[in-house]
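Subject: Structure handover

Hello,

Here is the structure you asked for, with the sequence alongside. My notes on it follow below.

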Amino acid sequence: QLQASGGGLVQPGGSLRLSCAASGRIFNINYMGWYRQAPGKPREVVAHISGTGTTYYATSVKGRVTISRDIAKNTVYLQMNSLKPEDTAVYYCNWVVSYVEYWGQGTLVTVSS
């Protein structure tokens, strides 16, 4: 089970850190990542990190977002800086473990003045 947290209301230019923790010990992690879905739009990938530590960032967030993980804590983080109103969305964590996909519940990020 994946538990996401850290969303909230932030002003443009502000920062938030999202966390997604898995219960129990997890082995064979292929990817840990974040997706988001804005109202009226399809879900899109934000960033992910592979089991070997390779990262990927969507063009729209590159340079403003950092994905990291703490394997010992079974947790993946998404540090988001210089937030823009267009970053407003429900953010979902997504893990691929032994090539099976798991989703956490969403956490709402609202960027507004």
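Leaving aside neighbours within four places in sequence, which residues is T54 in contact with? In this predicted model, the answer is H48 and I49. T54 sits in the loop that runs between β5 (44–50) and β6 (55–57). Its C-alpha atom and that of V109 are separated by 25 Å, with the two positions 55 residues apart along the chain.

The sheet

There is an open sheet of 4 strands, paired antiparallel in the order β1-β3-β8-β7. Its edge strands are β1 (2–5) and β7, each of which pairs on one side only. On average, and with direction ignored, neighbouring strands of this sheet are turned by 15° against each other.

Going through the pairs in that order:

- β1 and β3 are antiparallel and share 4 bridges; Q3 has A21 of β3 as its bridge partner.
- Strand β3 (residues 16–22) and β8 are antiparallel over 6 bridges; here R17 is matched with Q79 of β8.
- Strand β7 (residues 65–70) and β8 are also antiparallel, over 6 bridges; S68 has Y77 of β8 as its bridge partner.

β7 and β8 form a hairpin with 4 residues between the strands, and N74 in this hairpin has a positive phi near 50°. Is strand β8 (residues 75–80) largely enclosed or not, and why? Of its 6 residues, 5 are buried, so the rest of the structure largely encloses it.

L16 in strand β3 shows how β3 and β8 come together. The C-alpha atoms of L16 and Q79 are 6.1 Å apart, although the two residues are 63 residues apart along the chain. L16 has a relative accessible area of 15%, and it counts as buried because the cut-off is under 20%. Beyond its sequence neighbours within four places, L16 is in contact with residues that include L78, Q79 and M80, and also G6, G7, G8 and V109.

The disulfide

The count of disulfides comes to 1. C20 and C93 form it, with their sulfur atoms 2.1 Å apart. C20 lies in strand β3 and C93 in strand β9 (residues 89–97), so the bond ties together parts that are 73 residues apart in sequence. Which hand does the disulfide of C20 and C93 have? The torsion about the S-S bond is about 55°, so it is right-handed. Both C20 and C93 are buried.

The core

In soluble globular proteins, nonpolar side chains tend to be buried together. The largest nonpolar core here has 30 residues, and those touching the most other members are W34, I67, V76, L78, M80, Y91 and W95. At least two residues of this core come from each of β1, β3, β4 (29–37), β5, β7, β8, β9 and β11 (107–111). β9 gives the largest share, 5 residues.

L78 is one of those well-connected members. Not counting residues up to four places away in sequence, L78 touches L16, R17, L18, W34, V46, A47, V65, T66, I67 and Y91.

Two buried polar residues

D87 is in the loop between β8 and β9. Is D87 buried or exposed? Its relative accessibility is 2%, so it counts as buried. The side chain of D87 makes a polar contact of 2.7 Å with the side chain of R64. With sequence neighbours within four places left aside, the residues in contact with D87 are R36, V61, R64, S82, V109 and V111.

T107 belongs to strand β11 and is likewise buried, at a relative accessible area of 10%. A polar atom of the T107 side chain lies 3.1 Å from the backbone nitrogen of G7. Where else does T107 make contact, not counting residues up to four places away in sequence? Besides G7, T107 touches A4, S5, G6, L18, A89, V90 and Y91.

Regards

Definitions and conventions. Residues numbered from 1 in each chain as written. Predicted model: local features only at pLDDT ≥ 70, side-chain atom pairs only at ≥ 80, totals over all residues. Heavy atoms only, no water. Buried < 20%, exposed > 50% of the residue type's maximum accessible area, 1.4 Å probe, protein only. Pairing = 2+ DSSP bridges. Contact = heavy atoms within 4.5 Å. Axes fitted to C-alpha atoms, helices over the stretch in contact; angles between N-to-C directions. Disulfide = S-S within 2.5 Å. Core = buried A, V, L, I, M, F, W, Y, C linked by side-chain atoms within 4.5 Å. Polar contact = N/O pair within 3.5 Å; in protein donor to acceptor, adjacent residues only side chain to side chain.
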